[in-house]
Amino acid sequence: MIYFKLPFDERLLSADKKNTKNAVNFFSYNGSDQISFSGDIFEINPTEFDQTLITNEALNDDTTNSSAETKGEYCQTLQQVIEIIKENHLPKLVYSRRKIFTDFHTVNYTESFKNLCKSYPNAFRYLFNDGKNAWMGAFSEVLGKFNKSTHEFETMALAGTLPVSEEWSEKEIEEQKPVTNYIQNILTNYSDHIDQSETYDHISGNIKHLRTDFKTSIQPEDLDKIIQDLHPTPAVCGIPKDFCNENIRKYEKFPREFYAGYIKVETDESILYFVNLRCARLYKDSVHVFVGGGITAQSDPEKEWRETELKSEAILKNLVIF
């Protein structure tokens, strides 16, 4: 089963399994795994969903034997990552960790998902269980949006993170710039005219990011190639892509799985691609929350730890536990 809501759209949607057409596809970060939900997209009556009790009891046991990084371990590794950045003059490298929550007996995921939807109305919000994998998430970064009629393609550069009440520093501004340049350079391979917005604040729950929007027209046959070129963006990987991926594999303590991958949703009018951040893998006895941050030469490990703790609240604060 899958339940999801599109950004700024409070209709509860699912796929009816009545045909083999893929309605929603989840792609792992490294591209080696894919989870698909087939059929036509249809709207579910909210009252019907309210009467559907989804709890952790229906999920698989956590057999990963994973242990989350302590603050000390995280800060120590992050200092090594910062040295790699300085030595190689990297604009940015994204380092992530897994926060494992086990302090519960029962989680009501019906109510948890409803909370998540209320907290992040501008995000793609989903809850799914395919029998092997169960995930829940909400994030508002659009990797791509393609209009089937006009062939207009939109994407965004989203980077830098602060609590809503704080002011941007040079660190966050410098972190966002290479993301913008990277996307601009890719789009110029497919179009002669690209509209780029000013950079502005993008509010997501209790935190904000710096955002720049892009709009252009492309050939439909180029769509898959553009998405492959864009993913993973510097917002989830770093620059240069191959070197940063090599160091992500070296220093991160766990596989990213579907975290920082992307989600493809095809409607009658559009093909939408969303980055899968603010998400968690769900088990009967644990919740694995994936969180990360863009690291630069100016990064402070203590501050980066606090940022990941803040990001984990996107999932944890919305869980209904008893």
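# Close-up views of a predicted model

**View 1. Helix 7 and its covered residues.** Buried residues in helix 7 are Pro-301, Glu-304, Trp-305, Glu-307, Thr-308, Lys-311, Ser-312, Ala-314, Ile-315 and Leu-316. The model shown in this and the other views is predicted. Helix 7 covers residues 301-316, and at 1.5 Å a residue its 16 residues should span 22 Å. The C-alpha atoms at its ends are 22 Å apart, which agrees with that expectation.

**View 2. Ser-299, ahead of helix 7.** Ser-299 sits in the loop between strand 19 (287-295) and helix 7. With a relative accessible area of 9%, Ser-299 counts as buried, because the limit for that class is under 20%. Its side chain has two contacts to show here. One goes to the backbone nitrogen of Thr-296, at 2.9 Å. The other is a polar contact with the side chain of Glu-304, at 3.2 Å. Glu-304 is itself one of the buried residues of helix 7.

**View 3. Cys-237 and Cys-244.** Which cysteine sulfur is closest to that of Cys-237? It is the sulfur of Cys-244, at 5.2 Å, too far for a bond. Seen from Cys-244, the closest cysteine sulfur is that of Cys-237, again at 5.2 Å. A disulfide requires the two sulfur atoms to be within 2.5 Å, so this pair does not qualify. Both residues are covered: Cys-237 is buried with a relative accessible area of 0%, and Cys-244 is buried at 0% relative accessibility. Searching the whole structure gives 0 disulfides.

**View 4. Helix 3, from its start to Lys-118.** Helix 3 comprises residues 109-119. At its start, a side-chain oxygen of Asn-108 comes to within 3.0 Å of the backbone nitrogen of Thr-110. The buried residues of helix 3 are Tyr-109, Thr-110, Ser-112, Phe-113, Leu-116 and Cys-117. Viewed down the helix axis, these buried residues fall within an arc of 165 degrees, so they line one face of helix 3. Lys-118, also in helix 3, is exposed, with a relative accessible area of 66%. The C-alpha atom of Lys-118 is 9.1 Å from that of Glu-10, although the two residues are 108 apart along the chain.

**View 5. Strand 11 between its pairing partners.** Strand 11 runs over residues 152-163 and is mostly covered, with 9 of its 12 residues buried. Strand 10 (residues 142-147) runs antiparallel to strand 11, and 2 bridges join them. Lys-145 stands opposite Glu-154 of strand 11. The two strands form a hairpin with 4 residues between them, and His-151 in the turn has a positive phi of about 65 degrees. Strand 11 also pairs with strand 14 (residues 207-217), in the antiparallel sense, over 10 bridges. In that pairing, Phe-153 has Thr-216 of strand 14 as its bridge partner.

**View 6. The nonpolar cores.** The largest nonpolar core has 72 residues, and those that touch the most other members are Phe-4, Val-24, Phe-26, Tyr-126, Phe-153 and Val-265. Helix 2 (residues 71-87) gives the most to this core, with 7 residues. A second core, separate from the largest, has 28 residues, including Leu-12, Ile-54, Leu-59 and Cys-117. Two of the residues named here appear in earlier views: Phe-153 as the bridge partner of Thr-216, and Cys-117 among the buried residues of helix 3.

Notes. Residues are numbered from 1 along each chain as its sequence is written. This is a predicted model: local features need pLDDT of at least 70, side-chain atom pairs count only at pLDDT 80 or more; totals for chains, interfaces and linings use all residues. Side-chain values use heavy atoms; hydrogens and water are left out. The expected span of a helix is 1.5 Å times one less than its number of residues. Buried means under 20% relative accessible area, exposed over 50%, partly exposed in between (1.4 Å probe, protein chains only). A nonpolar core is a set of buried Ala, Val, Leu, Ile, Met, Phe, Trp, Tyr and Cys residues joined through side-chain atoms within 4.5 Å. Two strands pair if DSSP finds at least two bridges between them. The arc is that of the directions from the helix axis to the C-beta atoms. A polar contact is a pair of N or O atoms within 3.5 Å; within protein, one must be able to donate a hydrogen and the other to accept it, and residues adjacent in sequence count only if both atoms are side-chain atoms.
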